[in-house]
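Subject: A structure for you to look through

Dear colleague,

I am passing on the structure that we talked about, and below it you will find my notes on what it contains. Please keep it open while you read, and look up each part as it comes up.

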Amino acid sequence: MNYQSKRSGVRSNLTRIMTFGLVVGLGACDTDVVNPGPIAADFLDDPAAQAAIANGAGRAAADALNWIAYTTAAVAREVHPSGSTGSFGITPKQQEGLLEFDEIGTHWSNAHRARFLAADGIERIMALDPGDQDQENLAQLYLWAGYNSRLMGETFCNAVIDGGAAQDSDVHLQEALTYFGQAEALGSGDVVTASIAAQASIHAFLGDWTEAVSLAGMIPADFSYAMPYYDLGDDTQANRIYVAGKALPYKAHSQIFTWIEQYNPETGGVADNDPRVSWLVSGENGDAASSCCGVIEWNPQTKYEDDNAPIELSSYEEMQLILAENEIVNNGDYDAGMAIVNSLRTAAGVAAETSAANGDATGFTADEALGYFLREHAIEQWLEGRRLPALRRWNDAGVDLESLLQPLEQVGDGDTSTGSHLSTRDFCIPISEAEVDTNPNIGG
Amino acid sequence: MNSFATALGRVAAVVAVSLALVAAPVSAQNGTVTGSVTDATSNAGLQSVQVYLVGTGLGTLTNASGRFLILNVPAGSYTIRAERLGYGTQEMQIEVAAGGTVQQNFSLDSEALGLDEIVVTGTAGAARRREIGNTIGQVDVANVVEPPQSVDDLLQGRVSGMTVTPTSGNAGGGAKIRLRGNVSVAQSNQPIIYVDGVRIRSDAFHKNVPPTGYPGRSGNDVASPLNNINPADIERIEVIKGAAATTLYGTEAAAGVIQIFTKRGHRGAAQWTASVEQGFQNMRPFGVDPALRPSFEDAESSAGGTADYMFINPWLKNAWQQRYSLSVGGGGEDLQYFVSGSWEDDEGVLPNDLQKTATIRGNFTFSPAENLQIQWNTSFTNDEFFNTAAGNNAHGLTLNVYRREANYFGNEDKENLDLLLNQEIVTQIDHLITGGTATYTPFSNFTNRLSVGYDLANQENRNLRPFGFVRAPDGILADGRSEFETVTVDYVGTYSFGLTDNINSSLSFGGQSVTSEILQTVAYGEDFPGPGAPTVTTAGTTLGFETRERVVNAGFFVQDVFDISDKYFLTAGFRIDGNSAFGQDFGLQFYPKLSASWVVSDEDFWSGASQLKLRAAWGQSGRAPGAFDAVQTYDGVGWGGAPAFYPRVLGNALLGPERTAEWEFGFDGSFLADRLSLEATYYNQKTTDALFNVRQTPSSGFIDINGGNSQLENVGEIKNSGIEFTVNAAVLQGDDWAWDLGASVSTNSSEVGLPAEVPEFSVGGNGWIIDGESVPVIRGEKVMNPDAIADPIIEDDQIYGPNLPTRIVGLFTTVSLPKGLRLSARGEYQGGHYVTAAVANSAVSRSVIWAGCYEAYAIAGAAPITPAAPNYNQLTALQRARCDSGETDSNFWAEKADFFKIRQLALQAPIPESWIPGATGASVTVSGSNIFRWTNDEWTHFDPEMGTNSDNNPISRDGVSTGDFLVTSISEHIPAPATWTLAFRVVF
């Protein structure tokens with residue numbers, strides 16, 4: 001075979017081989033795969049997705065409240081840790097009353113997820129044909145959006161929206177007022193009443209007392225609107241304060257060293273003289289030692305008695321407190337304020353408070369009335385995520401908390417001899433470390 | 001027990017079939033060929049040498065003494081050949097007379113370089129070692145003295161540049177394997193694994209943990225598919241370490257490739273090998289020297305535990321280990337077979353720990369035509385293991401023991417903590433690996449190889465806290481079934497032709513498709529009506545979970561090897577890949593490669609028997625993103641039984657694979673008549689478009705159900721560089737004794753490249769991904785005045801150092817003694833890295849009286865320590881930071897982790913065949929592994945190789961992890977125990 005024919009043979013073989021290889025290669029490259037499970041984002045634009053959108057926003061708001069109510073309860077001394085720290089518990093810093101920016105990432109993220117899901121959901125539903133819009137879902141969505149924004153405005157030190165610059169936390173409260181206004185306009189029944197009550201609470205927080213009093217007066221007795229939690233064999237939907245305090249798995253929180261223990265002392269193993277702040281004397285110790293105090297008694301709260309215990313968001317009682325505060329703080333009518341406070345106490349089955357001067361429900365001094373009011377506020381809204389914001393508001397307003405608060409509300413470990421920690425305590429949740437790291441408008 | 005009986009039955013059936021297959025009539029007219037094969041240098045007998053009569057199908061393998069016996073050889077003239085990996089082949093001519101016996105001995109020269117050995121991994125089909133431009137690690141099992149307990153065990157400390165890290169001492173746990181460091185921070189760094197050409201799952205199996213609630217109610221370790229291979233079935237393992245060598249594997253091979261070759265039948269009569277191993281595991285001290293105990297602390301816990309075992313010794317047992325295996329190999333010219341079965345029953349050192357494994361294997365080679373060979377290999381493994389709840393787990397034994405009286409019981413009484421042992425954690429894995437390769441050579445210069453492989457593993461995870469369980473009185477049961485399936489189709493064609501008289505070209509081309517599918521369903525129930533053996537159905541609350549994931553990777557390649565005078569080799573090629581996980585805007589990927597080798601010692605100017613090959617290689621490979629990473633998706637999460645959406649993945653339509661380019665160069669040399677061999681390699685790899693979990697701004701709100709809000713983006717760079725140097729020396733040689741000594745040194749220096757707009761991010765365990773730092777680096781709060789008698793000065797964001805070892809030194813030696821005795825030892829040093837003992841921080845922050853703080857307690861005069869302690873002001877700043885419950889932080893427990901371990905020590909002795917009727921060889925081996933550990937002075941307690949709940953698995957229970965798998969940090973585990981084994985091996 002000469003060189004030419006040999007070369008031709010090689011070329012011919014190569015051509016065949018390469019053709020074959022190309023066919024094999026192209027055949028091998030079919031990589032089109034559809035995996036089930038995750039839901040494509042486009043799916044949410046389908047009108048049938050509206051209920052799940054509203055529920056997602058609601059669950060997200062519940063998650064946010066769950067974590068924030070839990071951690072701020074410890075910082076505000078509504079509960080005391082009796083064990084777990086870190087990922088499931090109150091960190092040593094939080095036990096000292098400090099809300100460090102590297103320890104509140106979950107709280108920050110949860111609330112922002114709820115804000116995003118609500119805003120995104122509203123946008124998606126509003127983009128539907130009007131005939132396809134489910135007004136009931138939309139109103140509910142606005143309500144969840146409002147409550148979440150109220151939570152952020154009350155507990156976050158700053159508002160940061162979509163990676164923007166840090167703003168005053170009141171931005172969230174204004175946002176909440178808008179959402180509640182929409183819920184009130186579109187909704188019906190309890191959604192409307194809750195929207196009005198929530199707006200009253202925000203106006204009170206912002207110091208718009210005329211609006212606050214006007215709206216609070218519209219709320220009927222016995223009204224209550226609460227965030228639901230669920231016992232589904234899945235702790236993530238359960239009431240976190242209940243889970244953290246219950247016998248299993250953790251026994252992580254106790255009423256020992258809290259002023260609740262003093263105010264509502266044990267009688268026959270159960271402290272329920274005031275049923276609003278009941279707790280249990282277990283006779284057992286906490287699940288693990290806490291950093292401040294070693295192994296301590298486990299005396300859990302019993303306000304929430306199950307995984308699915310709801311957390312109240314708005315209520316007639318809260319509205320009455322707004323009216324009472326207005327009388328005491330703004331109008332200087334201490335007896336009128338105390339009359340409202342005592343009406344709440346009587347309704348709860350506990351004795352009315354009396355003035356030192358007269359021994360009855362008249363003649364209260366300013367400090368007496370304010371002191372009783374602050375305590376009553378703590379009792380009525382115990383473990384609802386509202387105590388720390390209230391302390392924040394009063395602290396900002398210059399209320400002398402060290403004189404008026406119960407001593408055990410001011411310290412971390414039950415040792416009142418060390419003096420009040422209020423001067424070093426954090427009253428709001430800072431911008432999270434992750435936000436600082438990633439947001440170029442903050443510091444990232 | 002039933003599964004064991006079933007497995008044993010399977011083994012028996014296979015053995016019976018094999019017996020029937022191999023039975024052959026004996027003829028008195030035939031002769032016998034016998035003899036021995038020895039190492040030409042040491043005169044030591046060589047085992048596992050294939051000795052056969054060419055063209056007859058008659059042959060055998062040598063026994064542990066190097067002796068062989070071929071029976072029933074018809075009278076005539078023959079060429080007899082002796083072959084073994086690492087030795088030059090030798091042929092002799094013999095004449096066999098009817099009824100006669102021919103004595104033929106061989107003395108084989110070792111070939112340190114094995115330049116003409118065929119290697120497969122990383123090549124297009126196969127290639128001679130001389131042609132290859134990259135380094136290839138190889139473990140030749142015939143040279144392993146001790147009986148390996150697992151493939152992890154077989155690999156550990158034997159390949160330079162490879163770390164094999166056992167993350168706990170739990171039964172069934174698999175090791176984390178890294179080659180040349182981490183090439184990815186978002187995807188698995190576990191090398192991909194092939195067994196006889198069949199791709200198998202390389203990432204760990206699913207952790208046995210309930211699908212909801214805290215994700216650590218478990219033994220908190222994961223099993224490795226690699227350990228479903230019976231080490232006794234393995235002939236050799238090839239390891240290629242980086243992209244310079246793995247280009248032809250495409251978009252999944254950047255972390256390296258491990259290929260296992262199992263034994264094949266030899267030509268000749270059946271040879272049976274039986275082995276029995278008996279041994280035990282026991283825990284060596286890993287805690288704190290009890291002598292450091294302050295006088296006011298009791299020496300023992302109420303359960304009898306002591307500080308050197310962190311008080312867990314009352315629960316540790318000397319765990320009996322037993323293994324039995326039987327194999328037969330043989331065959332004729334056209335059909336060879338290797339059939340094996342094994343059963344093992346290994347207790348673990350923790351109370352509930354037990355592993356039972358049965359394996360069977362059948363490897364067959366057919367040659368139906370002269371130009372066609374078909375190999376079909378199948379193995380089946382039934383692996384069942386029981387675990388004790390451990391790790392960072394409030395329901396676990398280890399955590400509650402370590403935390404002493406500040407545990408979840410409030411006491412450390414044994415009878416109370418024993419109640420935790422009522423949790424049943426049972427994992428069962430059935431693993432089938434089957435596949436075949438047909439090699440068709442229609443012309444002498446055109447070879448076609450088609451491989452198909454099927455890897456199927458079915459896993460059942462059963463996790464029961466029964467009714468009345470101390471930490472969950474109403475009971476919780478999770479039963480999960482996972483199916484892992486990998487289908488491989490691989491074609492390679494090679495056409496060789498001469499370009500000129502001195503230049504030959506081998507053009508290879510082919511296509512490969514790997515389809516991986518994972519199906520998982522988990523049933524979960526809690527609140528049982530009463531005691532008894534429950535099912536999920538009997539629970540008061542039940543939940544169901546399902547995930548399905550399919551990934552297809554397919555591509556084709558072309559490669560040409562230019563061979564110039566059989567001395568110079570230039571290889572150029574490329575692979576084009578598609579992957580189902582690429583974003584919709586992403587097309588096919590192109591990975592080129594180029595390598596060269598020069599056999600210098602074949603040059604005319606080279607004289608003497610020494611050999612030298614210079615080599616260099618450059619290539620690219622990749623790592624694909626996860627199946628769901630490219631598309632924006634939401635999760636259906638439910639809310640109180642109603643449907644609800646939550647964000648899942650932000651999505652990135654431009655998502656593609658990360659691309660690792662690597663170049664390496666080095667040499668392989670043997671000198672002094674093969675008494676000294678050297679291998680040196682410098683590598684430098686750079687991963688571009690590295691997939692980083694880029695943290696999104698939380699206030700944007702797209703945050704998944706686990707709180708994650710990062711999105712994979714191809715934005716980063718990862719650099720790894722280092723050297724690998726191996727030396728083997730025949731230090732001393734006598735007539736019947738020899739001393740071989742070897743060492744390997746490898747280094748790894750890694751560096752992250754992070755664009756300015758991408759924020760640094762945590763990967764768990766105090767590990768961070770930070771521009772300019774190693775992958776990952778330990779960073780956090782640091783005490784700046786550690787030795788000062790003062791309050792700690794603490795600064796944030798301080799760099800401690802790399803988390804992966806930056807230098808590894810392996811030492812190995814074998815002493816061959818008279819009468820066939822062999823003593824071998826292997827040790828390994830790893831250093832230059834930092835590991836955090838998170839376990840210490842978790843305890844101290846809860847006011848646990850912690851043995852790691854004994855010295856501080858003794859000084860302070862109190863335990864636990866608060867500023868009120870009598871001599872608090874005499875403590876150093878570091879002691880205050882670590883041991884004051886109000887100050888401690890896991891960062892302060894980041895410690896320099898340099899260590900040295902004796903991985904293995906073994907003595908093997910032959911047993912006279914006359915002692916065992918019918919035997920052609922027998923040996924006994926005594927071995928110990930993991931029997932000594934040295935740690936540096938800074939190291940306080942535990943073992944630097946221990947891990948956390950999520951080590952070794954890039955996929956968390958809930959989906960893609962943000963990278964916890966990347967970091968080694970220590971949680972409430974026990975370290976790997978020492979293992980002592982006595983093994984008898986008999987060849988018939």
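A word on terms before we begin: the domain bounds used here come from an automatic or database domain assignment. Please also bear in mind that this is a predicted model.

With that assignment, chain B is divided into domain 1, which covers 2-108, and domain 2, which is made up of 118-660 + 671-845 + 888-987. The C-alpha centres of domain 1 of chain B and domain 2 of chain B lie 36 Å apart, and the two are in contact through 39 residues of domain 1 of chain B and 40 residues of domain 2 of chain B. On the side of domain 1 of chain B that touches domain 2 of chain B, at least two residues each are supplied by α1 (2-22), β2 (50-53), β3 (58-61) and β4 (67-73) of chain B. Of the elements there, α1(B) gives the most, with eleven residues. Sorted by class, the residues on that side of domain 1 of chain B are 18 nonpolar, 18 polar and three charged.

Taken as a whole, chain B has eight helices and 50 strands. Its radius of gyration is 29 Å, close to the 30 Å that the globule rule gives for 988 residues, so chain B is as compact as a globular protein of that length. The C-alpha trace of chain B spans about 95 × 65 × 60 Å along its principal axes, and 59% of the 988 residues of chain B count as buried. If you consider the contacts in chain B with a separation of 6 or more, 68% of them are between residues 24 or more positions apart.

Next comes the place where the two chains meet, at which 78 residues of chain B are in contact with 68 residues of chain A. The elements that each supply at least two residues to the side of chain B that touches chain A include β25 (476-498), β26 (503-526), β27 (541-564) and β28 (568-579) of chain B. Here β27(B) gives the most, with 13 residues, and by class this side of chain B has 36 nonpolar, 32 polar and ten charged residues.

The chains also share a sheet, in which three strands are arranged in the order β1(A)-β31(B)-β32(B), with antiparallel pairing, and the sheet is open. Its edge strands, each of which pairs on one side only, are β1 (39-40) of chain A and β32 (645-649) of chain B. Between the chains, β1(A) and β31(B) pair in the antiparallel sense over two bridges, and Ile39(A) stands opposite Tyr634(B) in β31(B). Within chain B, four bridges join β31 (residues 633-636) to β32(B), again antiparallel, and Gly636(B) has Phe645(B) in β32(B) as its bridge partner.

Elsewhere in chain B, strand β23 (residues 424-443) and strand β24 (residues 446-465) pair in the antiparallel sense over 18 bridges, and these two strands form a hairpin with two residues between them. One pair to find in this hairpin is Gly436(B), which stands opposite Val452(B) in β24(B). On to the next pairing: β24(B) and β25(B) are antiparallel over 20 bridges, with Arg449(B) standing opposite Val492(B) in β25(B).

Is Lys241(B), in the loop between β16 (234-240) and α3 (243-246) of chain B, buried or exposed? Lys241(B) is buried, because 31 other C-beta atoms lie within 10 Å, and 20 or more are needed for a residue to count as buried. Leaving aside neighbours within four places in sequence, Lys241(B) is in contact with Gly137(B), Gly161(B), Leu179(B), Arg180(B) and Gly256(B).

Lastly, the largest nonpolar core has 278 residues, and those with the most contacts inside it are Ala57(A) and Ile769(B). Helix α2 (residues 50-75) of chain A gives the most to this core, with 16 residues. Not counting residues up to four places away in sequence, Ile769(B) touches several residues, among them Val185(B), Phe692(B), Val752(B) and Pro776(B). There is also a second, separate core of 19 residues, which includes Val37(B), Ile80(B), Ala82(B) and Phe106(B).

With best wishes

Terms used:
Residues numbered from 1 in each chain as written. Chains lettered and ligands numbered in written order. Predicted model: local features only at pLDDT ≥ 70, side-chain atom pairs only at ≥ 80, totals over all residues. Pairing = 2+ DSSP bridges. Rg over C-alpha atoms; globule rule 2.2 N^0.38 Å. Buried ≥ 20, exposed ≤ 12 C-beta atoms within 10 Å, placed from the backbone. Contact = placed C-beta atoms within 7 Å. Nonpolar A, V, L, I, M, F, W, Y, C, P; charged D, E, K, R; others polar. Core = buried A, V, L, I, M, F, W, Y, C linked by C-beta atoms within 7 Å.
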